[in-house]
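Please look through the model below with two themes in mind, its charged side-chain pairs and its nonpolar interior. The paragraphs that follow take these themes in turn.

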Amino acid sequence: MDSTGIHHVGIAVPDLGEAVETYTRIFAATLEHREVVVEQGVEAASVLVGSNRIELLAPTGDDTPVGRFLAKRGPGVHHLAYEVDDIALALQGLAADGVELIDTVPRVGLFGLQVAFIHPDAVHGVLTEVVSVARVT
């Protein structure tokens, strides 16, 4: 997989408004975007710290991936996201290399971007997201 860089770091939080305020106050972050991503069971806010992006994730319910993460581990780093030019090609290459994928086809993420997740067991315990900057049309 050819990555063009880190797209964002995902942070699981129990209260999105409080987390946005914290990042704004402590790091002078700027709120870039906020939306509910129904398919993933999260309300997400993208904040910019300089030229870097942090994605704050609050669950929309207890029985969602982020809700279960918070119940098991508490707030903190949830995933690391890598940017790619062609997500379908990246997923094909990862599958061909035997990498364990959570998503074999992209789904819609924050900003309407195409995303897919790689299983943490494949990346030394880190939940990893692949993000294409091409919006879903």
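A residue is called buried when its relative accessible area is under 20%, exposed when that area is over 50%, and partly exposed in between. The model to which these terms are applied here is a predicted one, and glutamate 21 may serve as an opening example, since its relative accessible area of 41% makes this residue partly exposed.

Glutamate 21 takes part in a salt bridge with arginine 25, in which the closest N and O atoms are 3.0 Å apart. Both residues belong to helix α1, which covers residues 16-27, and because they are four residues apart there, about one helical turn separates them. Arginine 25, with a relative accessible area of 55%, is exposed, whereas glutamate 21 is partly exposed.

A search of the whole structure finds five salt bridges, and two further examples may be set beside the pair in the helix. Arginine 34 and glutamate 43 form a salt bridge whose closest N and O atoms are 3.0 Å apart; the arginine 34 side of this pair is partly exposed at a relative accessible area of 39%, and glutamate 43 is likewise partly exposed, with 26% relative accessibility. In the salt bridge between aspartate 103 and arginine 107, the closest N and O atoms are 3.0 Å apart. Is aspartate 103 buried or exposed? Its relative accessibility is 11%, and aspartate 103 therefore counts as buried, while its partner arginine 107, at 28% relative accessibility, counts as partly exposed.

Turning from charged pairs to the nonpolar interior, one finds that the largest nonpolar core has 14 residues, of which Ala12, Val42, Ala44, Leu57, Val66, Leu110 and Val131 touch the most other members. At least two residues of this core are supplied by each of β3 (42-49), α2 (65-73) and β7 (113-118), and the largest share, three residues, comes from α2.

Alanine 44, one of the core members just named, also offers a way back to the charged pairs. When its neighbours within four places in sequence are left aside, alanine 44 is in contact with Leu16, His33, Arg34, Glu35, Leu56, Leu57 and Leu110. Among these contacts is Arg34, the residue that forms a salt bridge with glutamate 43, and Leu57 and Leu110 are also among them. Apart from the largest core lies another core, of twelve residues, which includes Val13, Leu16, Tyr23 and Ile54.

Notes: Residues are numbered from 1 along each chain as its sequence is written. This is a predicted model: local features need pLDDT of at least 70, side-chain atom pairs count only at pLDDT 80 or more; totals for chains, interfaces and linings use all residues. Side-chain values use heavy atoms; hydrogens and water are left out. A salt bridge is a side-chain nitrogen of Lys or Arg within 4 Å of a carboxyl oxygen of Asp or Glu. Buried means under 20% relative accessible area, exposed over 50%, partly exposed in between (1.4 Å probe, protein chains only). A nonpolar core is a set of buried Ala, Val, Leu, Ile, Met, Phe, Trp, Tyr and Cys residues joined through side-chain atoms within 4.5 Å. Contact means heavy atoms within 4.5 Å.
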